[in-house]
Amino acid sequence: MGKFQLFPVQASTLAPEVDHLLYFLLAVTVFFTVLIFGAIFYFAIKYRRRSENELPHVQHTGYTLEILWSVIPFGITMVMFTWGASIFFTASKPPNNAIQIYAVGKQWMWKLEHLEGQREINELHIPVNTPVRLTMASEDVIHSFFVPAFRTKQDVVPGRYSTTWFTATKPGKYHLFCAEYCGTNHSGMIGWVYVMEPMDYQNWLSGGAAEGSMAENGKKLFEQLACNNCHKEDNSGRGPNLVGVFGKQVQLAGGGTVKADEAYFRESILQPQAKIVSGFEPVMPTFQGLVTEEQLVQLVEYVKSLGPKPGAGPVDNGQKPAPKKSSNAGSTPANR
Amino acid sequence: MITAAAQEREHYLNASYGLKSWLLTKDHKRIGLLYLATITLFFFIGGAFATLIRVELLTPQGDLVSSETYNKLFTMHGVMMIFFFLIPSIPAVLGNFFLPMMIGARDLAFPKLNLLSWYLLVVGGLFSLYAMLAGGVDTGWTFYTPYSTTYSNGYVVATALGIFIAGFSSILTGLNFIVTIHRMRAPGMTWFRMPLFVWAHYATSLIQVLGTPVLAVTIVLLFLERVLHLGIFDPARGGDPVLFQHLFWFYSHPAVYIMVLPSMGVVSEIISTFSRKAIFGYRIVAFSSVAIAVLGFLVWGHHLFVSGQSLYAGMVFSFLSYFVAIPSAIKVFNWTATLYKGSISFQTPMLYALGFIGLFTIGGLTGLFVAALGIDIHVTDTYFVVAHFHYIMVGGALMGYLGGMHFWWPKMTGRMYPEGWAKLSALVIFLGFNLTFFPQFILGYLGMPRRYHAYPEEFQVLNVLSTAGASVLAVGYMIPMIYFIWSLRYGKVAPANPWGATGLEWKTSSPPPVHNFEETPVVTHGAYDYASLMAEEVEVG
């Protein structure tokens, strides 16, 4: 039998904030529960029926009391709303200096990949006191990435990227659960988050058997799938040159622009016809069913790495990752 | 009221005999009893699933049944309890029986439609039962896509079809009630003389008529997607799985109010009767039912805070969710204030009504937690939510239903239930319920996700407590089942008005005559006028 707990550990910057709001709500709950239960017991005893024929005479006029007990609770709930919304707002905006990690949920496991190329299944190693941004995709049904010690949860919906972030504050080992019912072995889709001292994390990163960084693997895929036949770096291809595109606004055929973020690249690979870049023909075939979500994030990471400015290191601060060269050869478009 | 005379007098139960006289009846009272038998069966089937779930969760390992079976158990528990027990419960049994009587009508506006509604529920229930016997369904009662459309191997279509059919039962019942309340009130029965039970049913009917068609549409889309691969919810075809959640909760959140509003109506009747006082702030309580029904349609997105819906949509839905809290809070305060300077007696219906207020208060207040965006991130899809909605739907809706059953049992059957046993079982249910579900709040905040067949060891103690509570609760539900049946033969013969209540249904004999009243009542004062009632009794002697 495991150790008995009443309250979860706090292991992220978000956890104490959520818990403080919880304490406030608990206080309000206890107050009103005691008030109502107390009133019921008091009235029930004091005004119990003493003779069969008694008839209470109470005149109730005006709405003073009703107004009072509508307005006061409403005021209290607005405090709850504002407080809860402000926590949610922070929890939805990853800071710019967060390190980037990718997660793919599939029945019934979590696959995680670090930019350096380290891959894990049902385990996630992260450094303490460092913001971590998770970009997540699903191979099949909806999953939900839930770390109770971090008070964080985000559904992972197939067909799009979902993002969450957290800053762990205490080294240790914490539960990772799938919180959205995902089929037969849903309760087996669990794992551990290991929060490590930065030094230990660096050692862990360099210790594994990673075969190249995500961007490098993405580059290999880019060539295997013959993407480079059309997306040439000298602007001579049938598809747009991807160098320096990530994070920019892209002019679309038929007017309008779109921000070239992860979601845009993902969509462009799977549904190339959805948004056509101005000046190009809609000739790209779909890669739906040909690339897995894990390969997609590698491709995206590769495109991100084709940044305009030279930079180095694994830290992704939004839009200027390490530059990589791509080769360009051949002339026929990839097809199914 | 001489016993022998009461026995011989013709009433709706002895006016005709034989299976045909029941299966083809157009009498709202008999149809109410048909519903009672039907939903009691569904309740015990749903309860059996719950029992197996709780026994499985005694140990952290999934060792009693396989994961696949466990997933089917919680799915079928949810489907049975929600669509085939809770949604029909009070409206279809007590509403059917008493709504016409309370407004002095001879029947509902459309008696044949009323019978059809019952048949639709039975056919729908049989479809879902067939699906369960044939192999079950494992999607959860929420049928989230794309699991339900692409990945599940269960009998999704048959189950959903059962719910689709039962939905029409709900729509037609709602329609029947609305028309009846508008058109069939007795002379003098103005809107603000109607009992609050009738107001609550009016509000409920609005939701049934306006919300249930959306569920029907959603099920049709689910069917088209699963069978014809239409692509509405499939991202590979440009669809969106989250769209399903929006459609589903657009009905299923208001459906919570279909379950709990009628229960609030019952509680208003009971609190008033057993404190011999008009409900404090009658009009406010009446309007708050309608307010809950209307606002209930505007909050569905609070089920989707972590689904990836936009940040600002999340904020709007959180904001609106707090609005629903207000009319609910008003009701609780007004019931409590009704007790003030009342003449309070503690027969079983009153125990259930007070139990309702207690459990609904906890259920409602924990609703404030899940409506707070910052906390919902952590507790959504955990046992905290499971505990919260059981406090509302079992602690609230079911306590109200049982309170109402005891309150009106003498009128329905002409027999009293045994008071001592009834009080005991009310107490057992109250304690068993809290022991079952209170630990789940703690479990949820600790992070135990719902729908988990196996769980980490540190959650075991609380799960054992919860299962222990469920055993107590099961006993609590069995006792009324036994003594209600017992009372049909051995119970004391009930007088016309055993509680000294003011409703029109108490002004006719128990059980009522076929046409409810010997002559159409004329209403001269508002509901809950105990002074005139007692004056009349003095006159009659």
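User: In this predicted model, where is B:Asn516 found, and why is B:Asn516 called buried or exposed?

Analyst: B:Asn516 is found in the loop between H17 and H18 of chain B. A residue counts as buried if 20 or more other C-beta atoms lie within 10 Å of its own, and because B:Asn516 has 22 C-beta neighbours inside 10 Å, B:Asn516 counts as buried. Its phi is near 75°, a positive value in a residue other than glycine.

User: Which other residue of the loop between helix H17 (460–490) and helix H18 (530–540) of chain B can be named, and what is the peptide bond from B:Ser510 to B:Pro511, cis or trans?

Analyst: B:Pro511 is also found in that loop of chain B, and the peptide bond that leads to B:Pro511 from B:Ser510 is cis, with omega near -10°. In chain A, a cis peptide bond joins A:Gln107 and A:Trp108, where omega is about -5°; A:Trp108 has its place in the loop between strand S1 (99–106) and strand S2 (109–114) of that chain.

User: What makes A:Asn122 count as buried, partly exposed or exposed?

Analyst: Since the class of partly exposed lies between the limits of 12 or fewer neighbours for exposed and 20 or more for buried, the 15 C-beta neighbours that A:Asn122 has inside 10 Å make it count as partly exposed. A:Asn122 lies in the loop between strand S3 (119–121) and strand S4 (123–127) of chain A, and although A:Asn122 is not a glycine, it has a positive phi of about 55°.

User: How do you know whether chain B is as compact as a globular protein of its length?

Analyst: Chain B has 18 helices and zero strands. Its radius of gyration is 23 Å and the globule rule gives 24 Å for 541 residues, which is close, so chain B is as compact as a globular protein of that length. Along its principal axes the C-alpha trace of chain B spans about 75 × 45 × 45 Å, 61% of the residues of chain B count as buried, and residues 24 or more positions apart account for 85% of its contacts with a separation of 6 or more.

User: How do you know whether the span of helix H6 (residues 111–134) of chain B agrees with its number of residues?

Analyst: At 1.5 Å a residue, the 24 residues of H6(B) should span 34 Å, and because the end C-alpha atoms are 35 Å apart, the two values agree. Among the buried residues of H6(B) are B:Trp118, B:Leu121, B:Phe127 and B:Met132, and what covers the buried residues includes helix H3 (28–56), helix H4 (67–86), helix H5 (89–102) and helix H8 (156–183) of chain B. H6(B) is followed by B:Gly136, whose phi is positive, near 85°.

User: Why are H10(B) and H11(B) called roughly parallel or roughly antiparallel to each other?

Analyst: The axes of helix H10 (residues 241–275) and helix H11 (residues 282–295) of chain B come within 11 Å and cross at roughly 175°. Angles over 145 degrees count as roughly antiparallel, and H10(B) and H11(B) are therefore roughly antiparallel to each other. The contact is made by residues including B:Leu261 and B:Met264 of H10(B) and B:Ile292 and B:Ala293 of H11(B), and by class it has six nonpolar, two polar and no charged residues.

User: What makes up the contact between chain A and chain B?

Analyst: The contact takes 75 residues from chain A and 77 residues from chain B. The largest share of the side of chain A that touches chain B, 18 residues, comes from H2(A), and by class that side has 42 nonpolar, 21 polar and 12 charged residues.

How values were computed: Residues numbered from 1 in each chain as written. Chains lettered and ligands numbered in written order. Predicted model: local features only at pLDDT ≥ 70, side-chain atom pairs only at ≥ 80, totals over all residues. Contact = placed C-beta atoms within 7 Å. Helix = DSSP H or I, 4+ residues; strand = E, 2+ residues; numbered from the N terminus. Nonpolar A, V, L, I, M, F, W, Y, C, P; charged D, E, K, R; others polar. Expected span 1.5 Å × (residues − 1). Rg over C-alpha atoms; globule rule 2.2 N^0.38 Å. Axes fitted to C-alpha atoms, helices over the stretch in contact; angles between N-to-C directions. Parallel < 35°, antiparallel > 145°, perpendicular 65-115°, else oblique.
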